[in-house]
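Could you walk me through this structure, one selection at a time? I have it open in my viewer and would like to know what to click on and what I will find there.

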There are 2 protein chains.
Amino acid sequence: MTYCYEYPHPAVTTDIIVFTVQKGRLKILLIKRAREPFKDTWALPGGFMKMDEDACDCALRELEEETGLKDVYLEQLYTFSTVNRDPRERVISIAYFTLTPSEAITLKPDTDAAEAAWFDMQDLPNLAFDHGEILEMATERLSAKMTYSTIGLQFMPAKFTLSNLQNVYEATANKPLDKRNFRKWILSLDLLEETGEKFSDGPQRPAMLYRLKDPNSVDIF
Amino acid sequence: MTYCYEYPHPAVTTDIIVFTVQKGRLKILLIKRAREPFKDTWALPGGFMKMDEDACDCALRELEEETGLKDVYLEQLYTFSTVNRDPRERVISIAYFTLTPSEAITLKPDTDAAEAAWFDMQDLPNLAFDHGEILEMATERLSAKMTYSTIGLQFMPAKFTLSNLQNVYEATANKPLDKRNFRKWILSLDLLEETGEKFSDGPQRPAMLYRLKDPNSVDIF
DNA sequence: TATTATTTGTGTATATTCGACACTATATTA
DNA sequence: TAATATAGTGTCGAATATACACAAATAATA
């Protein structure tokens, strides 16, 4: 079956940058390509858009198919349309990014992806296509949004300590933050509430667990 | 001649929001559609992407073809991909916006556009397709960027007074600004320099004309 | 040529925000 | 019960942002 048009049409894909913070380090999710082109090269998850879905739905579907991740918050990053960015045919890609908690995510690569894994941002492999460029833009955008929005809260699991949260901000900013100032600031935003529960994983004073008052909101300051 | 693919492909267009400030009012450029669908309805300039150009080049080309505007600074806004946003076929649109000085721009509509005109943002007609939604997002983005970048300087002609510039900021913010604070702020950015020339259009003290030190830069604070 | 009208251009004082900084509290483990 | 490790808390000075009023310069007019 072929699909014919009076004028030439590009193929359209989505690519998704999945950020997380593990052990105080910013990481992204990559898949190893199972097919040509760039077979066996690490790449961003993503794939071709279908005619009955919009780009955001496509990104959600591909992300679940290739990595098992679902129900994530997606934000459109940019559309990449350089003429020869794909050796097969003219392909434009609508890139999205998402932030996810670092909790046990069972990665389930499917047929398009031989393997899925988290990579430290400081230790990345060469990426297929122009995915290096896409990732660079995503990283800049993430850094920027961390400073002028509440997007960073999307990294958090259901319950977390203020130290957990500070670690996330330190990982994305790549610098240490003052504990008292950080707590003053984040609490002044009035987005967190105490759960009443406490948590400790060592010989120390346990920390109050907090949760988001409104888990799905992202606000601009 | 037809173009055939193994899988269905969407058509790809660009749409461009052109902002300017005239007499202290924020305006945008619209064209009246010369063809179906939405014949005789006002719409954003734009059109189908060719296979040998990227989306930004397409936007620049369409803008010049439909309005005569060229050499503008374009910024990608968002990609709109709702399934039925165009009645003809599946079309996704990569939207760009640009800011241009209000100086005499000779609008030269071509065959795709019957007419091109500036519209006050407070007095807009109904727009074709989902262009109303696109414009709404562009307006929000412009307002936001005016506050955290130097994008506003793109509205200015080669030479301008500080009062001209303040008018631009007041038009986009939709509120009056304090003259002394505005001047202190804009001069502290170290982006302007005096031309030495003065300008007056009435029975009053003439104002110093300034120019941009670096006309093409857009900085984030 | 003096007066009027109109816009330009300038400084200070106050309020608010940001940033630096150190010790006590509380639990676990040895 | 002593040692260890992280949690949790407040103040002061610096920097920044905000509010606010009048003299200067020119063109038009009387």
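Here is a short tour in five stops, and please keep in mind that this is a predicted model.

**Stop 1: a residue in a strand**

Select T13(A) to begin. This residue sits in strand β2 of chain A, which covers residues 11-22. Is T13(A) buried or exposed? With a relative accessible area of 9%, T13(A) is buried, because anything under 20% counts as buried. Now show the side chain of S93(A) as well: the side chains of T13(A) and S93(A) make a polar contact at 3.2 Å. To see more of the surroundings, add the residues that T13(A) contacts beyond its neighbours within four places in sequence. They are G47(A), F48(A) and M49(A), together with V91(A), I92(A), S93(A) and I94(A).

**Stop 2: around the DNA**

Next, select DNA strand C and display the protein around it. Which residues come nearest to this strand? Of the 20 residues around DNA strand C, the nearest are N181(A) and R205(A) from chain A, with S163(B), K179(B) and M208(B] from chain B. Sorted by kind, the residues of this surface are 9 charged, 6 nonpolar and 5 polar. You can also look from the DNA side: among the atoms of strand C within 4 Å of the protein, 40% are sugar or phosphate atoms, and the rest belong to bases.

Three spots deserve a zoom:

- R180(A): one of its polar side-chain atoms is 3.3 Å from a base nitrogen of DNA strand C.
- P203(B): a backbone N or O atom here lies 3.2 Å from a base oxygen of DNA strand C.
- M208(B): a polar backbone atom is 2.8 Å from a phosphate oxygen of DNA strand C.

Then colour the elements that give two or more residues to this surface: α4 (179-188) of chain A, and both α4 (179-188) and β10 (207-212) of chain B. The biggest share comes from α4(B), which gives 4 residues.

**Stop 3: two phenylalanines**

Time for some rings. Over all chains, the structure holds 18 aromatic pairs. Select F38(A) and F129(A), which form a tilted pair with 4.7 Å between the centres and 55 degrees between the planes. What does this pair tie together? F38(A) lies in the loop between β3 and β4 of chain A, while F129(A) lies in the loop between β8 and α2 of chain A, so the pair links parts that are 91 residues apart in sequence. At a relative accessible area of 32%, F38(A) is partly exposed, whereas F129(A) counts as buried at 17%.

**Stop 4: rings along a helix**

Move on to F182(A) and W185(A), another tilted aromatic pair, with 6.0 Å from centre to centre and 50 degrees between the planes. These two are 3 residues apart in helix α4 of chain A, so about one helical turn separates them. F182(A) is buried at 5% relative accessibility, and W185(A) is partly exposed at 29%. Add Y169(A) and F221(A) to the selection, and you have one aromatic cluster made of Y169(A), F182(A), W185(A) and F221(A).

**Stop 5: a glycine in a loop**

Finally, select G24(A), found in the loop between β2 and β3 of chain A. G24(A) is partly exposed, with a relative accessible area of 36%. To finish, draw a distance line from the C-alpha atom of G24(A) to that of E115(A): these residues are 91 residues apart along the chain, and their C-alpha atoms are separated by 24 Å.

Definitions and conventions:
Residues numbered from 1 in each chain as written. Chains lettered and ligands numbered in written order. Predicted model: local features only at pLDDT ≥ 70, side-chain atom pairs only at ≥ 80, totals over all residues. Heavy atoms only, no water. Buried < 20%, exposed > 50% of the residue type's maximum accessible area, 1.4 Å probe, protein only. Polar contact = N/O pair within 3.5 Å; in protein donor to acceptor, adjacent residues only side chain to side chain. Contact = heavy atoms within 4.5 Å. Near = heavy atom within 4 Å. Nonpolar A, V, L, I, M, F, W, Y, C, P; charged D, E, K, R; others polar. Phe/Tyr/Trp six-rings, centres within 6.5 Å; stacked < 30°, edge-to-face > 60°.
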